[in-house]
Each structure stands twice: as C-alpha cells, then as structure tokens.
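Visitor: Could you walk me through this structure and explain how its labels are earned?
Guide: Gladly, let us look together.

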Amino acid sequence: MVGTVATILAATIVNVAFPALLLEFNIGHDSLQWIATGFLAATTTTMLATTWLVDTFGQRRTFLATMAVFFVGSILGAASWSAESMIAARVLQGAAAGVMQPLSMIALFEVFPPEERGRAMGLFGFGVVLAPAIGPAIGGLLMQAFGWRAIFLLSVPFCVAAWPLGARSLSSGRGAGPRRPFDWPGAVLLAGGLIALLNLPVVGHRAGWLSPATLVAMVATLALGLTFVGWEMRARAPLLSLGLFASRGFRAASVVAFAYGVGLFGTTYLVPVFVQDIAGYTPAQAGNLLFVPGLVLAVAIAVSGRLTDRASARHVVAAGLTCFAVSSLLLALATGATTFWVLALWLGIGRAGLGLIIPALNVGAVQTLPAEYLGHAAAAVNFARQLGGAVGVNLLAVLLEWRFDVYAGSGNPTPAFRDCFLVVTIAFAAAVIPALSIRKLRV
C-alpha cells in the first residue's frame, strides 16, 4: 500500500502545477499534456508486463526495482530543467506505477486467505482512494510554500519507507512451472503505437490536419496499430489477450472503461487549470477544490460495492455515467464568478458517478466471460481505462489550445474550457449505450 500510494499520488498531484509549468518552460497545452500523458502511456504499457516480471524475478525483486525506478523519476522531476526532462521523469514514474498497481493485487491475494481478502482489500482500497483525494490539496500547499519542484519530492519518503518493508515482507519466490517468454515485439509495438497516437493530435494542431506531416503521422499510427494487433493475435504469449474482445459484453465494458479514463484524468487536467487561469485560484485553493469530491469518490465506491451485489452491474454503471455527464455539463456552464462550493458540488456529482462505475464495471466485465479468463479480463479493463486517460488528456489539451486560438480575439478564454467540458459530456452520455450491453454470461 505504501508503494501504491506513492505512485497514485504522482499521477494527479502535479496537475495543480500545470499553470506554473506553462510559464516556467514557456510551452502551450499541446506540449504540456505530455507531462500527463507520458505518465499514463508508460503506465498503460508496463502494467501488462507485471505478471511476467513477478514470474521471472519474484515479488520482492520486482517491487524493489520498481520503487527504485520511481525514486529516480521523482528526483529527476524535482530537478527538471526543461519540459523534455520533466516528460522523461514522468515516463519513469508512470512505468513504475504501471507495475505497482497489479503487483499490489498479486501480493495481497498471496498473503491473505480467501476469508480475509475482503477486509484486506477494504483497508487497501481506502488508502488507494484517499491518496488522489488528498494529493492535490497537499500538492497545492507544497507548491504555494516551496514551488512546483517540492511536489515531486512528496513521494520520496514513501519510496524510502517502502524499500525495507518490501525487502522484509514480500516473497522472493518465482512463478512455478516453465518460464513464459516476454512479448518484447508486442511491448515495442504498443509503446511505438501509443507515442504515434498521442503525437497525432499535436502534429495536426500545429501543422494543419491536411498537411503532409499530419498524413505521415496518421499512416504511422495506423501501421503500428495494425501491426500490434496482428502480432498479438498470433503471439505464443501475447501481451494483451485480444481474443477477449470477441465477447460483445466485454467490448462494451472496455468502451466504458475507456470513457472512465477520459473523464477521470481529463477533468483532473482541466479543472486545476480552469480555476487558476479563469477564477484566479491559488494552487492551494485549486488543490482544496478537489479534496471534497475525492472524499465523495471514496464513499461512492463503498456504496457501489454493496449496490452491485444487489442490482444489475450494467444499470449501476449507466447511472454512474449519467451522473458524470451531468457534472461535466454543469462544469461547462462555470465562469470565473462561480463560487468554490458550487464548483465542489458539481465536481462531487461527477466523482459520485465515477465511484458508482468502478466496482460495478470490474464485476460486470468479468461476468461477461468464463471464469478462467479472470486475470486476463482484469488486465484488459485496466489497460482500456489507462488508455482512455492518456488519449483523453491528450485530446482535451490539444482541443483547449485550439479553442484558445479561436477565442483569442474575444479576450475571454472561458468558452474554450466550456467546449472541452461539453466534449466530455457527450462522451459519457454516449457511453451509456454500450454500458447497457454489459450482461452476465449465461452458462
């Protein structure tokens, strides 16, 4: 939990520093978004390698190495001298975070017997959910007192505490049976495809969507994507089990997971920038604004877990998507004069919706497949969620930069944020349709 909390803090705590980083490195949102999407893209890639790492090196070695990489990324982030060096630091942090999240589940399920896993998961989940709630608030205070570099150092004590804990308590055993080869070609194709995909909107915005550079970027993205799919379908030990997507219900769950990532990470990118640039909030106030909705998210997850046991998972997911769509629509109406607590209420509605989605979506996705595909299904849903986060932040940041240019003559940038929140509203409203297709597999 100490290691996971450190990596989760890093995922969102930097968001309150985005306005300062724009000025520090003299960049636009189309470049700034790489600080967020670099983290998410690296997480998306490495989380699929966790099982192989544990089977090959054991939990202890994997954990210690992961925390070492995260430590280096945190120090590099604090010492960043350019946007490129910070992006490199975020990629290192994201690579470690991608391994840490599944590794935690593997360790918990090995240590606790079935009758104690519920309590263990409850305690673990509380810490994991609380971290992103308090992270932006602490980050805002640190930044206001010591500057943006202090934000990256917040995770360092967690790394230092995690090493002796991991060395003493985690298993050093490796997976039984024959060693499974790692899908190196798949990993390289996935990483290359993600970079090409995330770079495409940036190139299109800067060079024009019909320019030769954009067309080359489109062809490269399509080629890498199709090559990755072709390779994974015939690989002996694929990085991602694409056969799962033959199930209509699982495809629907993956679409919802993608939309969830867009909403969660997209709004945590937009909101701190909006309240600091438009409403004149300090970094501490921007962090505090996300604190109450974060607590709402934690409560909603607990309620949703019980609700999912009693009601259909697809209906709970659809209700959560509707809540978030309403929240995004309300945020589209926000101006610099909208009060702190009104914004907190509107964000709280959205976080309540996300809290309803998480447990119900995990249960619903697994129910669409036979029991033997449990592990692969969980990995694929997490992959879809992280991919949605990376693509969502990427597209919203480029859209924001474009709309800034469009509204530059009016001297009022507020409509640029309105357009971004409306896009999120439409995405979540549309995701209700596939959500209703998530049905339990009939045996």
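Visitor: How many aromatic pairs are there by this rule?
Guide: The count comes to 14 aromatic pairs. Please keep in mind that this is a predicted model.

Visitor: What makes Trp 148 and Phe 152 an aromatic pair, and why is the pair called edge-to-face?
Guide: Their rings are 6.4 Å apart, centre to centre, with 80 degrees between the planes. Ring centres must lie within 6.5 Å to pair, and planes over 60 degrees apart count as edge-to-face, so both labels fit.

Visitor: Are these two residues buried or exposed?
Guide: Trp 148 has 8% relative accessibility and Phe 152 has 5%. Buried means under 20%, so both residues count as buried.

Visitor: How do you know that Phe 404 and Phe 417 form an edge-to-face pair?
Guide: We use the two values again: 5.6 Å centre to centre and 75 degrees between the planes. The distance is within 6.5 Å and the angle is over 60 degrees, so the pair is edge-to-face. Phe 404 lies in helix α16 (residues 374-406) and Phe 417 in helix α17 (residues 414-435), so the pair ties together parts that are 13 residues apart in sequence. Both Phe 404 and Phe 417 are buried.

Visitor: What makes the contact between Arg 403 and Asp 419 a salt bridge?
Guide: Their closest N and O atoms are 2.8 Å apart. A salt bridge needs a side-chain nitrogen of Lys or Arg within 4 Å of a carboxyl oxygen of Asp or Glu, so this pair qualifies. Arg 403 belongs to helix α16 and Asp 419 to helix α17, so this bridge ties together parts that are 16 residues apart in sequence.

Visitor: Which residues are linked with Asp 419 in a network of salt bridges?
Guide: The network links Asp 419 with Arg 403 and Arg 418. The side chains of Asp 419 and Arg 418 meet in a salt bridge at 3.2 Å, N to O.

Visitor: Why is Asp 419 called buried, and what is Arg 418 called?
Guide: Asp 419 has a relative accessible area of 13%, which is under 20%, so the word is buried. Arg 418 has 33% relative accessibility, in between 20% and 50%, so Arg 418 counts as partly exposed.

Visitor: What makes Arg 403 lie over the face of Trp 402?
Guide: Arg 403 is at 4.6 Å from the ring centre of Trp 402. The rule asks for CZ of Arg within 6 Å of the ring centre and within 35 degrees of the ring normal.

Visitor: How many salt bridges does a search of the whole structure find?
Guide: The search finds three salt bridges. One of them joins Asp 30 and Arg 206, with the closest N and O atoms 3.0 Å apart. This pair links distant parts of the chain, with Asp 30 in helix α3 and Arg 206 in helix α9 (residues 184-207), 176 residues apart.

Visitor: Why do Asp 30 and Arg 206 get their labels?
Guide: Asp 30 has 7% relative accessibility, under 20%, so Asp 30 counts as buried. Arg 206 has 52%, over 50%, so Arg 206 counts as exposed.

Visitor: What is the phi of Asn 26?
Guide: Phi of Asn 26 is near 55 degrees, a positive value in a residue other than glycine. Most residues other than glycine have a negative phi. Asn 26 lies in the loop between α2 (18-25) and α3 (29-46). With a relative accessible area of 70%, over 50%, Asn 26 is therefore called exposed.

Technical notes. Residues are numbered from 1 along each chain as its sequence is written. Side-chain values use heavy atoms; hydrogens and water are left out. Rings of Phe, Tyr and Trp (its six-membered ring) pair if their centres lie within 6.5 Å; planes under 30 degrees apart count as stacked, over 60 as edge-to-face and the rest as tilted. Buried means under 20% relative accessible area, exposed over 50%, partly exposed in between (1.4 Å probe, protein chains only). Helices (H or I, at least four residues) and strands (E, at least two) are DSSP runs, numbered from the N terminus.
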